[in-house]
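Visitor: Please pick one side chain and take me in for a close look. I'd like its partners and its surroundings, and then a glance at something elsewhere to set beside it.

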There are 2 protein chains.
Amino acid sequence: MTRKGILFIISGPSGVGKGTIKDVVLRKITDIKLSISATTRSPRSGETSGTDYFFVNEDTFQQLINNDELLEWANVYGNMYGTPRQFVEESMTRGQDVMLEIDIQGALQIKQRKPDGVFIFICPPSIEELSLRLATRATDTPESITLRLAACKWEMAQVKHYDYVVLNRELQTAVDTVCAIITAERCKVKNINLERDMIDSTFNPGPDGSSG
Amino acid sequence: MTRKGILFIISGPSGVGKGTIKDVVLRKITDIKLSISATTRSPRSGETSGTDYFFVNEDTFQQLINNDELLEWANVYGNMYGTPRQFVEESMTRGQDVMLEIDIQGALQIKQRKPDGVFIFICPPSIEELSLRLATRATDTPESITLRLAACKWEMAQVKHYDYVVLNRELQTAVDTVCAIITAERCKVKNINLERDMIDSTFNPGPDGSSG
């Protein structure tokens with residue numbers, strides 16, 4: 001069955017583990033393209049431009065905003081992050097699914113422009129556990145941890161704007177649940193080109209036996 | 001996380017294999033209760049009342065209709081089938097998920113009274129394959145096969161009223177897909193009691209580590 005490209009948004013509070021979940025899901029489901037964000041923050045150790053982010057300076061970022069080339073953008077703790085619009089929209093037009101991993105501010109902006117996206121909120125088992133995870137993540141300073149926990153209460157309340165909530169108590173269970181959501185969304189009648197596929201009542205399998 | 005009970009409706013054309021899919025899914029996901037239909041048709045070999053159906057006579061069935069005790073009912077090839085309302089509604093009120101396996105006429109009636117149900121259309125790979133399946137199913141007469149294929153075109157067009165469509169080309173893939181849909185629906189924000197669970201920002205795991 002042919003269908004439209006779906007935009008999956010993996011989001012949640014800082015430190016909840018959404019990056020790890022996204023990485024493992026994309027290794028299991030290889031026909032989803034990851035949207036790469038533009039950012040003005042400095043690369044962390046091991047990060048490369050074009051793979052992890054497009055690392056740009058502030059002038060270049062402002063130009064992207066001015067030219068309406070960003071689907072969303074936000075200032076997070078002094079750094080700018082944004083989602084290049086063209087990649088997402090061109091992929092979906094071709095029937096290609098796209099995944100975005102993004103903080104909550106960004107997800108809420110995306111929702112206004114892409115209300116048909118599938119919004120998945122990755123949820124910590126508790127505020128206490130999130131605090132512990134942030135404290136043991138070497139890349140965060142004590143100051144940034146304090147700031148992030150203060151933002152967390154507001155962030156948790158935003159779950160009501162999402163479609164799904166996935167509890168990240170145990171990584172494999174969280175990954176399996178996100179994979180199930182992707183499988184389910186791909187079967188949604190509203191995402192399938194019914195006129196082309198159903199009216200002649202015959203379905204053409206792809207070369208691997210899956211629906212094409 | 002606590003949540004409301006969900007009503008899953010497994011439906012599709014006659015002979016598509018929805019009964020087998022339902023059986024295997026319920027063996028894998030054991031905390032869904034199967035709704036048992038009432039019918040006036042005679043038991044097939046091996047069927048028992050209260051397990052496969054409630055086998056009742058026509059007077060009793062009419063009384064169920066008159067007392068508004070059926071969530072839906074239909075005359076299918078001269079036999080009456082109906083879904084007792086009380087079992088479904090009481091289970092869902094307790095947070096218990098319920099599954100119904102039902103023909104398309106029945107599903108469309110259910111949808112009018114339970115629009116929040118999750119409607120899953122099991123789809124044959126092609127009309128030709130459905131014809132072959134019906135012809136090799138020993139319990140159907142040639143006359144009933146002819147009748148059923150005539151109905152099939154109308155049935156296929158009803159997919160637009162469903163939430164999901166699952167292609168039954170290979171049983172295990174179809175079963176896994178239905179299980180994924182169930183997992184996904186259980187994570188839907190609209191099905192979770194957010195006020196109770198999210199506002200205090202702490203989640204209490206069940207004794208097995210799953211969300212309670």
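**A close look at A:Arg85**

Guide: Start at the tip: the A:Arg85 side chain reaches the backbone oxygen of A:Asp68 at 3.4 Å. This is a predicted model, with local features needing pLDDT of at least 70 and side-chain atom pairs pLDDT 80 or more, while totals for chains, interfaces and linings use all residues. Residues count from 1 along each chain as written, chains are lettered from A and ligands numbered from 1 in written order, and side-chain values use heavy atoms, without hydrogens or water.

Back to A:Arg85: its side chain also makes a polar contact (N or O atoms within 3.5 Å, a possible donor with an acceptor) with the A:Glu89 side chain, at 2.8 Å. A:Arg85 sits in helix H3 of chain A, residues 85–93 (a DSSP run of at least four H or I; strands need at least two E). With 18% relative accessible area, A:Arg85 is buried (under 20%, 1.4 Å probe). Beyond four places in sequence, A:Arg85 is in contact (heavy atoms within 4.5 Å) with A:Asp68, A:Glu69, A:Leu70, A:Leu71 and A:Arg113.

For something to set beside that, hop over to B:Ile9, in strand E1 (residues 7–11) of chain B. B:Ile9 counts as buried too, at 0% relative accessibility. Leaving out neighbours within four places in sequence, B:Ile9 touches B:Leu100, B:Ile102, B:Ala107, B:Ile110, B:Gly117, B:Val118, B:Phe119 and B:Ile120. B:Tyr77 lies 68 residues from B:Ile9 in sequence and 21 Å away in space, C-alpha to C-alpha.

Key
Buried < 20%, exposed > 50% of the residue type's maximum accessible area, 1.4 Å probe, protein only.
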